[in-house]
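Student: Please take one part of this model and go through its surroundings closely. Then follow the description outward from there, with the cut-offs stated.

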Amino acid sequence: MCGIAGFFNISSDNSPGQNDLERMIYPVAHRGPDGYGFYVGNEAGLAHARLSIIDLEGGWQPIHNEDKSLWVIFNGEIFNYRELRKELEAKGHRFYTNSDTEVIVHLYEENREECLSRLNGQFAIALYDVREKALILARDRMGIRPLFYVQHEGLFYFASEIKSLFAANSSLPREMNLEVLREVFTLWMPGGTETIFKGVHQLEAGHWARISVNKGFVSKEYWDIPFGIGVSGEFHKEADYAEKLRELLIDSVRLRLRADVPVGAYLSGGLDSSTITSLIHHYTDNPLKTFSVTFSDRVYDEQAQQKEMVDFLATDHHVEHCTYEKIGESFPDVIWHTEMPILRTAPAPLYLLSSLVRKNHYKVVLTGEGADEILGGYDIFKEAKIRAFIKKDLTSSIRPMLLKRLYPYLALSPTKSAEFAKIFFNTDASIDDLFYAHMPRWKTTGGTSVFFAEKLKRANVHHVVDKLISRFSHKLVGLDYFSRAQYLEAKLLLGNYLLSSQGDRMAMAHSVEGRFPFLDHRLVEFACTIPPNMKMKVLNEKNILKKAMDNLLPKSIVKRKKQPYMAPDILSFFGGKEPEYLNYYLSPQMVKEAGFFNPRAVEQLLSKCRKKVRQGFRENMAFVGILSTQIVYEKFVKNFRIDMPNRLDNIKIIS
Amino acid sequence: MNQTISKIRSFIFENFLFDADESALGNNDSFLEQGIIDSTGILELVDWLEETFTIKVLDEELIPENLDSVTKLADFIGKKSC
C-alpha cells in the first residue's frame, strides 16, 4: 500500500523532472512512510511512497521488466500474485523481487491491458511503456484504491490524492466545481468521475486509460458489477447459495491475510465485520487483533455487540472511544484527507480508529464494507420494497404501517407517523422510474439548497439527474428496481464515498491499509446471481449471508436488526465544547468570500445549532456539508500549502 | 388566530427556511411536498408546539391533516387549546 504520483509529457516543451516528482510525492507521504522511489524517463516520471507489506526488503518501486522497457508504480495489493508468478515463471519470465508488484510488468508483457482481468486485488497502477511512449493507468474493479488526474499545458499529471496534483504545478487552477458541489448536496457524493475541483478527474473503477503522445487520453472499461446479466443463478435453494457464499468468503478472507506483516480486523458489532472476524478465527491461524469505535452517545454506540463478539472469539481487542469533542476537533484534518465536502461526520471516527491501529504497530486491517451493497443490506432497499408493496394497493390503510418498521434505531425517525412517511417516501412514485429507490433520499438532501447563495442556486440542478441518466441508464434499463438500487449504491455510495472519503482516505491518513473480503470480484459476481427475493427475504436483509454464517456467529448477532454505522453530526460540534475554528470557517466574511452559501442563512443555522434543539436530517446534512465545503475552500483553494523539507529523507531508488 | 399564524410563520422561517423571502411560504403550502420540512423536521416542529403552546401532541395526531401547513397547524393548535 502506498502513494503514487507522476506525469506524462504529451506536448510540453518544459518536461518536469526529479524535483517535480519529489514535490508531488511528499504530500502523500502518509500513504507510504517507509521510503520513496523515483524514475524519470523521456516522456514520463514516476514517484512512489512505500508502505512495506509484502517483500519488506526487496519490494521498492518503481519496478521494471527484464529489459527495463516497462516501469511500474503501484498502490495496493494483488492477492493472487503467487499463483500468477508461478504461471509467468513457467513461461520464462525472470523476477528480481518477491513482491506482488513485479507480476504486473510481466503479465502486461503477455496480455497488455487485458492482463487486468487476471488480477484479484485492490489497486491503482501506473505503467510506463518506454518503447511505445505510453503511460497506462488502471484502477481495481470496485474502486478501492484512488487515482486522480489532470491535464495542464500539454502535461498529464496523476496521483493517489489531489493534493499531489496541486503541488506539482503552482500554475494549475484550483477552482471548485459548482455542478459537482450541487451533486454532493443532492446525492451525498459526486455522481461521476469529476471531483470537486474543476478539471481534476478520477479514473473510474474497473477502467484503464492509455495516455500517449500520438493519441492523447483514451479510457476503457474492463469490468463492471454484472447486475442484469439475466441469469437467475445456478441454484434453486437458499441453502445452496449460502454454502457457496461461505466458501467464497473463506477463500477471499484467506487471500486477504497474505502479507509479511500481521493483519488485524475492524469490528463494528454488526453482521458484516462479525462475519469477517469469525471467518479469520475459524478458518485461518492468523492471531486475531480487533479494533472498534465506541461512542459516548448511546444512539450510535455498539459496544454491547462488540463485546459479545470479542468474548465469542477471544480476540485481542482495542477500542477508540469517540466523544463529541474528539470528532469535532479532528474534523478539519479529516477534510484535508477526504479532499471533498461530505454531509456526514462518519469518516471522522474511522480517522481516529486508524490512528489507534497504527499506534498498535499494525498496517493492515480487514473490514466489512461492500456486504450491504452486494448482498442487499441497506434500508433504502427495504424502503423501496415497502413503497412498492403499498403502491400495489393504495386503498389499504394497513400497508403504510409497514413504513414504521424502517429506521427503528434513529432517535428522530422519519417513520414515527405512517401518514407522514407515506408522503416522505412518495409512495405514489412509479417503480419503473430509473431511480425509484433513491428519489426520496435525493429529495430530502436537495432540501439543503435553502442555504445556497445565488451562484450555487444557479448551477444547473437538472444536470445532477441528467448526468446520472447519461452515465447509468444503459446499465439500469431492464433491471428490476431492487437490482437498480443495488447497482447505484455500489457505484455511488460505495465507490464515491464509503471506499474513498470514509475508506481509503481515513485509513491511509495514518498509513493503514484496509482490505475488503466482500469485494473480491468472484464474490461480487456470484452475489449478482442471487435472486433479489432471496437476498432480502420479505424484509429480512442479507438473508443469504445470515444463512451462510448461522453456525459461525452468536445467534443475537445474526438476528440483530441492522444498525448502519453512523456518527453524531451537528452534536459533534455543539454537544460538548464548541471547536474554536467554527468562528473562522463559518464567519460571514469567509462564507461570503467562498461564495457558495448565503451568509445570513448560515448564521441562523449556527445560532439554531447553539440552542441545542434536536434537528432533522436536512439541517444535520446541511451543517456538516457547509462546514466541510468551507474547509475544502480554505485548505485547497484559498490557502493551499505544503510545507516541504529541503531534502526528502529515505529515498531508496532513483532510476 | 392571526397571532398564532404569525408565531408559526416566524418559527418556520427561523428554523427551516432560514434567510428565505416571506413569499417562499404560503399559509396553505404543504411543508412536506414543498420540501420545507422533512419528516424528521416534523418531530422538531412537534417539540416546539408542545413547549410553546403547552399542549401534548399524541402519536395518533401526527398526521398531515394536523401539521402539514401553517393554516392546518393554527387550526390544530386552536382545537388543542380549547
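Tutor: The answer starts with one strand of chain A and then moves on to other parts of the model.

The model is predicted: local features need pLDDT of at least 70, side-chain atom pairs count only at pLDDT 80 or more, and totals for chains, interfaces and linings use all residues. Residues are numbered from 1 along each chain as its sequence is written, while chains are lettered from A and ligands numbered from 1 in the order in which they are written.

The strand is strand 9 of chain A, residues 155-159. Strands here are DSSP runs of E with at least two residues, helices are runs of H or I with at least four, and both are numbered from the N terminus. Five of the five residues of strand 9 of chain A are buried, so the strand is largely enclosed by the rest of the structure. Buried means 20 or more other C-beta atoms within 10 Å of the residue's own, exposed means 12 or fewer, and partly exposed lies in between, with C-beta atoms placed from the backbone. A:Leu155, A:Tyr157 and A:Ala159 are on one side and A:Phe156 and A:Phe158 on the other, so that both faces are covered.

Strand 9 of chain A has antiparallel pairing with strand 1 (residues 2-9) of chain A, over five bridges; two strands pair if DSSP finds at least two bridges between them. Strand 8 (residues 148-152) of chain A also pairs with strand 9 in the antiparallel sense, again over five bridges. A:Ala159 is the bridge partner of A:Ala5 and of A:Phe148. Two residues separate strands 8 and 9 of chain A in a hairpin, and in its turn A:Glu153 has a positive phi of about 45°.

Within this strand, A:Phe158 is in contact with A:Ala5, A:Gly6, A:Ala126, A:Leu137, A:Leu147, A:Phe148 and A:Tyr149, leaving aside neighbours within four places in sequence. Contact requires C-beta atoms, placed from the backbone, to lie within 7 Å. A:Phe158 and A:Tyr157 are among the residues with the most contacts inside the largest nonpolar core, which has 200 residues. Such a core is a set of buried Ala, Val, Leu, Ile, Met, Phe, Trp, Tyr and Cys residues joined through C-beta atoms within 7 Å. Apart from it lies another core of 26 residues, including A:Ile390 and B:Phe31.

Next comes helix 2 (residues 81-90) of chain A, where A:Tyr81, A:Leu84, A:Arg85 and A:Leu88 are buried. These four cover an arc of only 100° around the axis, which puts them on the same side of the helix; the arc is that of the directions from the helix axis to the C-beta atoms. A:Lys86 and A:Ala90, on the other side, are exposed. Strand 5 (70-78) and helix 3 (102-111) of chain A are among what covers the buried residues of helix 2 of chain A. A:Gly92, just after this helix, takes a positive phi of about 100°.

A:Asn120 sits in the loop between helix 3 and strand 6 (121-129) of chain A. With 21 other C-beta atoms within 10 Å, A:Asn120 is buried. A:Asn80 is 40 residues away along the chain, yet its C-alpha atom and that of A:Asn120 are separated by 5.8 Å. Not counting residues up to four places away in sequence, A:Asn120 touches A:Phe79, A:Asn80, A:Leu255, A:Asp520 and A:His521.

The last stop is chain B, of which 20 residues are in contact with 26 residues of chain A. The largest share of that side of chain B, five residues, comes from helix 2 of chain B. In helix 1 of chain B, the buried residues are B:Ile8, B:Ile12, B:Asn15 and B:Phe16. They fall within an arc of 95° seen down the axis, so they line one face of the helix. B:Asn2, B:Gln3, B:Ser6, B:Ser10 and B:Glu14 are exposed on the other side. The buried residues of helix 1 of chain B pack against helix 26 (599-610) of chain A together with helix 2 and helix 4 (70-81) of chain B. B:Phe18 follows this helix, with a positive phi near 50°.

Note on methods. Two residues are in contact if their C-beta atoms, placed from the backbone, lie within 7 Å.
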